Amino acid sequence: MRQVAIIANGVRRELELEPRELLVYVLRERLGLTGTNVGCDTSSCGACTVLMNGEAVKSCTMLGVQADGMEITTIEGLATNGELHPVQQAFHDHHALQCGYCTPGMVLAAVSLISSGEATDEAAIRDGLEGNLCRCTGYHNIVQAVAAAAGVS
Amino acid sequence: MAATETTGSFVGTSVKRKEDASLLRGRGTYVENLNLPGTVFMAIVRSPYPAARIKSVNLVAARAAEGVVAAFSGADLAEDWKGSLPCAWAVTEDIKMPPHYPLAVDEARFQGDGVAVVIAENRTLAKDAAELVEVEYEQLPSIAGVEKALEEGAPLVHADLGTNECYVWKLDSGDVQAAIDAADVVVKRRYFQPRLIPNAIEPRGVLAQVGPTDELTLWSATQIPHVLRFALQLVLGILESKIRVIAPDVGGGFGSKLDVYAEEALAAALAKRLGVPVKWTEERSENYQATTHGRDVVHELTFAATRDGTITAVRSEAKCAMGAYLQLVTPGVPLLGAWLYAGPYEIPNYSVTFTGVFTHTTPTDAYRGAGRPEATYVIERTMDALARELGMDSLELRRRNFIKEFPHTMASGLTIDSGDYDASLDRLLEILDLDGTRADQAERRARGDAKQIGVGFSTYNEMCGLAPSRILGAIRYAAGGWDSATIRFQPLGSVQVVTGTSPHGQSHETTFAQVVADQLGVDVDEVEVLHGDTAVSQLGMDTYGSRSLAVGGIALYHASQKVISKARKIVAHQLEVSEDDLEFADGTFSVKGSPDRSMTIKESAFAAFSAHNLPDGMEPGLEETATYDPANFSWPGGAHAAVVEVDTETGDTRLIRYVAVDDVGNPVNPQIIDGQVHGGVTQGIAAALYEEGAYDEEGNLLTTTMATYLVPSAAELPSYETDRTETAADNPLGVKGVGETGTIAAAPAVINAVVDALAHLGVTDIQMPATPERVWRAIQEVSS
């Protein structure tokens with residue numbers, strides 16, 4: 001077992017982890033942050049995307065112990081005082097989710113893409129979301145939402 | 001039909017989704033997020049072989065492993081099953097329906113067939129222990145392709161049946177052979193539509209709890225809580241009256257969660273045996289083997305036509321993979337397309353034959369469109385082939401044969417209530433700028449560019465809104481096709497709507513609230529839609545086949561009318577006027593000619609609650625239930641176009657435009673309709689260009705993960721151009737289904753576009769998916 005500290009959505013959490021525990025299960029099962037979903041076992045779908053120190057990572061591809069000392073933002077930590085983050089709001093406005101299962105990962109991937117300045121146009125948004133699969137929306141409205149949140153057309 | 005009394009303000013507008021508030025904050029209630037105290041976790045040991053005799057199962061090491069609660073082989077649990085996992089569709093009298101139990105006992109029949117189960121304190125320990133189960137297999141010969149499986153001497157999936165032929169089903173009308181003999185032109189084409197793996201992003205999951213007197217509560221990532229409740233009695237012997245099935249938030253289905261699965265029965269049986277809640281979550285690679293697939297059909301399609309392009313006959317002969325066992329509606333999937341082999345065209349002589357074939361593969365079942373993409377693909381591909389044969393423009397050929405008058409009774413026997421196929425095509429062409437695209441194409445061809453473009457069309461109709469119960473009975477489906485709705489005014493005027501349909505992404509909480517708010521004249525935010533829990537919604541047939549609005553939505557209408565009718569009696573009594581003297585609009589009853597004398601429907605709800613002054617004999621409360629059995633299927637249609645760019649040096653093909661014009665009747669929520677169309681066409685495009693669930697000849701699955709089965713991302717796709725034409729369906733809301741239209745229409749449009757891009761080189765066919773290798777080879781073949 002390893003002693004680690006993860007700052008999850010602004011709260012420091014000290015945990016004893018088995019080295020093999022994946023970050024996504026640490027978040028879901030140790031910290032009760034079940035907003036982060038698991039959609040595959042090959043790092044293909046991106047449903048488990050969270051922010052680590054502000055940058056999107058696939059939490060099924062990382063061990064919990066690798067997050068020691070890191071700031072992790074999950075979908076539960078994105079809204080402030082109940083107000084949706086602009087990307088969440090844009091997803092709502094543009095009907096960019098249907099079943100909602102890919103949504104937490106998709107939203108966080110979009111937040112990272114926008115904050116890194118890479119969401120410069122539709123093509124860049126499409127390329128930037130390549131690691132996140134959605135089976136419901138055909139991406140059309142997701143791309144619209146991200147473009148709106150990024151202020152590009 | 002009764003006219004709606006209120007003029008609504010929500011139907012027809014893009015009300016923002018009620019579902020989003022929880023889903024956007026990560027508060028979805030997906031099964032994987034639910035836990036009960038003392039829950040244990042299940043892992044399945046699956047056959048690595050497509051066919052193998054199970055000689056022994058040794059559980060000693062697994063049972064001794066850390067955290068293990070129990071472990072069972074198929075033989076250990078054989079007495080737990082009171083019936084086979086059900087197949088509800090014996091499509092012919094002599095269909096072969098082999099039994100299918102949750103774990104195989106003597107023989108595994110596909111790669112992924114469950115042979116043992118391990119239960120442990122957590123998922124990791126269960127999975128670790130499953131690796132310790134020693135199964136001694138004797139590998140048997142096996143077969144994957146439908147045509148080879150029917151050959152003499154092919155390995156048999158069920159040896160006791162003596163054949164791999166499951167059934168032969170026919171639908172004939174007119175004299176097809178005479179029409180072919182008399183035709184100026186006969187076109188016969190062969191098509192293979194590969195396996196598709198549905199890939200709902202939420203894998204399946206189940207959590208079962210059984211009380212001391214067999215009260216079973218089962219949470220499942222399912223489309224069909226009501227059907228599942230019924231089926232679980234058959235499999236487990238627990239009375240349906242003791243079973244509660246809950247479909248919480250469900251992360252997509254597309255048909256793959258329209259089933260009664262081994263793991264659902266196992267979790268329930270083990271929860272009963274062990275006296276603790278049992279949970280199972282599917283892994284994606286497991287999903288690829290253990291969750292039903294779609295398509296896998298070989299067609300031979302023949303058109304007979306006159307020289308002027310009038311189609312006189314169609315004959316379709318299809319061999320359809322069942323997989324190793326019959327799941328809930330496996331044999332019936334082709335039948336859902338059986339009436340669509342004339343497409344939107346008037347064809348007087350009609351013959352359709354399906355041969356169901358067992359193969360050593362994962363069972364097939366419904367996948368978005370179910371039977372209708374299969375039919376539409378071969379029809380629309382062959383329309384282009386016939387146009388080339390006739391030297392006629394393919395759109396001119398389509399228009400010449402369109403059904404023009406509605407209602408229209410087809411040669412195949414069913415009646416299409418409404419449509420205007422020319423209008424959809426006209427609108428499509430306005431958006432498309434076909435002349436501009438053709439000019440670009442001509443320039444590229446003249447220059448001999450490496451990158452060529454092509455445009456392809458698909459004009460389609462489909463039958464959904466499953467379904468009139470009498471017709472389902474006539475085609476030997478075991479259940480009905482009605483649905484139910486309850487509308488309940490709370491005393492202070494808010495409204496609960498209980499639907500028997502079960503959404504998993506389709507937005508019923510929003511759209512159904514729109515329908516009811518308009519009927520009752522209340523605000524959409526005052527209406528709460530309850531669903532997906534058989535203790536809350538007792539009556540229902542669930543969600544599949546684009547039926548929720550076309551069937552469940554009409555039940556909402558009828559329940560609303562019943563509520564209004566009771567409220568009218570209360571108001572007439574309290575205002576001391578006759579019911580006929582009352583007008584109802586915008587939630588208020590007013591006396592004709594004296595508009596100042598009025599009472600709102602909400603006030604009548606409180607009056608019904610207090611019951612101080614109700615008409616003699618009236619029961620308190622303002623709540624009504626309606627069940628609705630549709631008189632006909634729902635018949636959407638439309639015209640789609642794809643523009644592709646093909647690199648003739650590498651075979652790489654990109655979709656650069658996609659235009660969809662659909663007639664889905666009166667729109668309830670345009671933004672949500674567009675979302676359904678976007679998602680639907682994407683699954684059709686994916687089938688055309690990317691996805692193929694590939695097996696080797698023996699039935700070893702080659703595409704075992706999302707890394708090898710190419711679910712497209714945003715990067716592969718363009719934004720879409722969508723519009724609608726509208727003809728009202730013959731139901732009180734004028735609505736039609738929309739969930740499957742895109743998937744039904746898209747694949748042939750894309751492949752027709754790829755063929756069009758290469759037509760000047762002599763290419764006339766491309767096997768889908770049109771991978772770079774296939775496209776490159778097709779070019780090499782015609783240029784050598």
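Biologist: How are H18(B) and H19(B) oriented to each other?

Modeller: Happy to start there, keeping in mind that this is a predicted model. The axes of helix H18 (residues 670-689) and helix H19 (residues 741-758) of chain B come within 7 Å and cross at roughly 40°. Angles under 35 degrees count as roughly parallel and 65 to 115 as roughly perpendicular, with the rest, short of those over 145, as oblique. H18(B) and H19(B) are therefore oblique.

Biologist: Which handedness does the crossing of H18(B) and H19(B) have?

Modeller: The contact there is made by residues including Gly680(B) and Gly684(B) of H18(B) and Ala746(B) and Val750(B) of H19(B). As for the handedness, the crossing of the two helices is right-handed.

Biologist: How many residues of the contact of H18(B) with H19(B) are charged?

Modeller: Let's go through the classes in turn. Eleven of the contact residues are nonpolar and seven are polar. The number of charged residues in this contact is none.

Biologist: From which helix does the largest share of the side of chain B that touches chain A come?

Modeller: Here 44 residues of chain B are in contact with 44 residues of chain A. Helix H1 (20-23), helix H9 (284-290) and H18 of chain B each supply at least two residues of that side of chain B. The largest share, seven residues, comes from H18(B).

Biologist: How many residues of the side of chain B that touches chain A are charged?

Modeller: This side of chain B divides into three classes. Nonpolar residues number 16 and polar ones 18, while the charged residues number ten.

Biologist: Let's turn to the sheet. Which strands of the open sheet in chain B stand at the edges?

Modeller: Five strands of chain B form this sheet, in the order E7-E15-E14-E13-E8, with mixed pairing. From one strand to the next, the twist averages 10°. An edge strand has a single partner, so one of its sides is left without a neighbour in the sheet; that describes E7 (165-173) and E8 (185-196) of chain B.

Biologist: Which residue of E13(B) is the bridge partner of Val185(B)?

Modeller: E8(B) and strand E13 (residues 294-305) of chain B run antiparallel and are joined by eleven bridges. In E13(B), the partner of Val185(B) is Ala305(B).

Biologist: Which residue in the turn between E23(B) and E24(B) has a positive phi?

Modeller: Strands E23 (residues 588-591) and E24 (residues 594-600) of chain B run antiparallel, joined by four bridges. Phe589(B) stands opposite Met599(B) in E24(B). The two strands form a hairpin with two residues between them, and the turn residue with a positive phi, about 85°, is Gly593(B).

Methods:
Residues numbered from 1 in each chain as written. Chains lettered and ligands numbered in written order. Predicted model: local features only at pLDDT ≥ 70, side-chain atom pairs only at ≥ 80, totals over all residues. Pairing = 2+ DSSP bridges. Axes fitted to C-alpha atoms, helices over the stretch in contact; angles between N-to-C directions. Left-handed = near helix turned anticlockwise from the far one by under 90°. Contact = placed C-beta atoms within 7 Å. Nonpolar A, V, L, I, M, F, W, Y, C, P; charged D, E, K, R; others polar.
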